Amino acid sequence: MLQTPHTFIVIPCYNEENAISNEYSHFLENYPEATICFVNDGSTDNTLAILEQLKQKHPTQIELLPLQKNVGKAEAVRQGVQYCIKNFNFKYVGYLDADLATTLEEFMLVENNLENDIVFCFGSRIRKIGSTIERENSRFLIGRIIATFISNILDIKVYDTQCGCKVFTKEIASLLFEKEFISKWLFDVELFFRMLNHFGKENALQKMKEIPLKSWIEKGNSKVKPTYFFKLWLDLYNIKKRYTK
């Protein structure tokens, strides 16, 4: 008898043939309650073939959603979450980056905070004693400037909206991922706005929880082009205009 998955982890993949490691198999062998949904976002390398091999090894714990065209991270994640919601019965769903800068095991630790009224938990790359947060200093400094700006736009005290480790109850995910996002890379900000607009600021803050990660290790180059730094501010403007009543 197959076990009903407790948790779905959506992994968007665009040309990630070098990122799909044995960490996935090791995790699945130790977490039978978890299922990974890989979304192949129109990769042009060998990503799809590698994912198909991995699925053959773990047929009951891996779902594969192949997209013919590259749609970008935001839409790939959205379609992955919707695919899981429409086709499976489970409790929690979230997403991680394919390079596993945040480990799958730590994702499960973040998920453990979904209790009582909490419906949305997210990892936070806070550098503190006892944590291992490895990030290029220039990216860290630029990231802090952007994060502070985003916090002001949202008008909430949040340290890190952009960490690629987020997990939701199935019910709230069906609402947050229903409509397409404005931005391919800043859709995380839109998720926060959707929470605030749906519940109201005071109630939303009681339903979200920011979890400092024990480990986050930057791996390889970002898929975000350096020139996006200039377009980013326009995206933020359009996001605020769309969601601010």
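Which side chains meet in a salt bridge at 2.9 Å, N to O? Select D188 and K166 in this predicted model, and the viewer will show that pair. D188 belongs to helix α7 whereas K166 belongs to strand β7, so the bridge ties together parts that are 22 residues apart in sequence. Both ends are buried: D188 has a relative accessibility of 3%, and K166 has one of 0%.

From K166, widen the selection to the whole of strand β7, residues 166–169, which pairs with strand β5, residues 120–124, in the antiparallel sense over three bridges. Within this pairing, F168 of β7 is the bridge partner of F120.

Next, show the full sheet, which is open, has mixed pairing and consists of seven strands in the order β3-β2-β1-β4-β7-β5-β8. At its edges stand β3 (62–67) and β8 (208–212); each has a single partner strand, so one side of each is left without a neighbour in the sheet. On average, and with direction ignored, neighbouring strands are turned by 20° against each other.

Now add the helices that lie against these strands. Helix α1, residues 23–30, packs on the sheet and touches β1, β2 and β3, its direction making about 150° with that of β2. Helix α4, residues 104–111, lies across β1, β2, β4, β5, β7 and β8, and runs at about 135° to β1.

Return to F168 and display its surroundings: leaving aside neighbours within four places in sequence, its contacts include Y92, L114, F120, L176, F177 and L191. F168 is also, with L154 and F177, among the residues with the most contacts inside the largest nonpolar core, which has 44 residues. Helix α7, residues 187–199, supplies the largest share of this core, namely seven residues. A second, separate core of 33 residues can be selected through members including C13, F38, L54 and Y92.

Finally, turn to the other charged pairs, bearing in mind that the structure holds eight salt bridges. In one of them, K73 and D97 have their closest N and O atoms 2.7 Å apart. Here K73 lies in helix α3 and D97 in the loop between β4 and α4, so the pair ties together parts that are 24 residues apart in sequence. K73 is buried, at 18%, while D97, at 27%, counts as partly exposed.

The last stop is R125 with D160, where the closest N and O atoms are 2.7 Å apart. R125 sits in the loop between β5 and β6 and D160 in the loop between α5 and β7, so this pair ties together parts that are 35 residues apart in sequence. R125 counts as buried at 9% relative accessibility, and D160 is buried as well, at 4%.

How values were computed. Residues are numbered from 1 along each chain as its sequence is written. This is a predicted model: local features need pLDDT of at least 70, side-chain atom pairs count only at pLDDT 80 or more; totals for chains, interfaces and linings use all residues. Side-chain values use heavy atoms; hydrogens and water are left out. A nonpolar core is a set of buried Ala, Val, Leu, Ile, Met, Phe, Trp, Tyr and Cys residues joined through side-chain atoms within 4.5 Å. Buried means under 20% relative accessible area, exposed over 50%, partly exposed in between (1.4 Å probe, protein chains only). Helices (H or I, at least four residues) and strands (E, at least two) are DSSP runs, numbered from the N terminus. Contact means heavy atoms within 4.5 Å. Two strands pair if DSSP finds at least two bridges between them. Axes are lines fitted to C-alpha atoms, for helices over the stretch in contact, and angles run from 0 to 180 degrees between N-to-C directions. A salt bridge is a side-chain nitrogen of Lys or Arg within 4 Å of a carboxyl oxygen of Asp or Glu.
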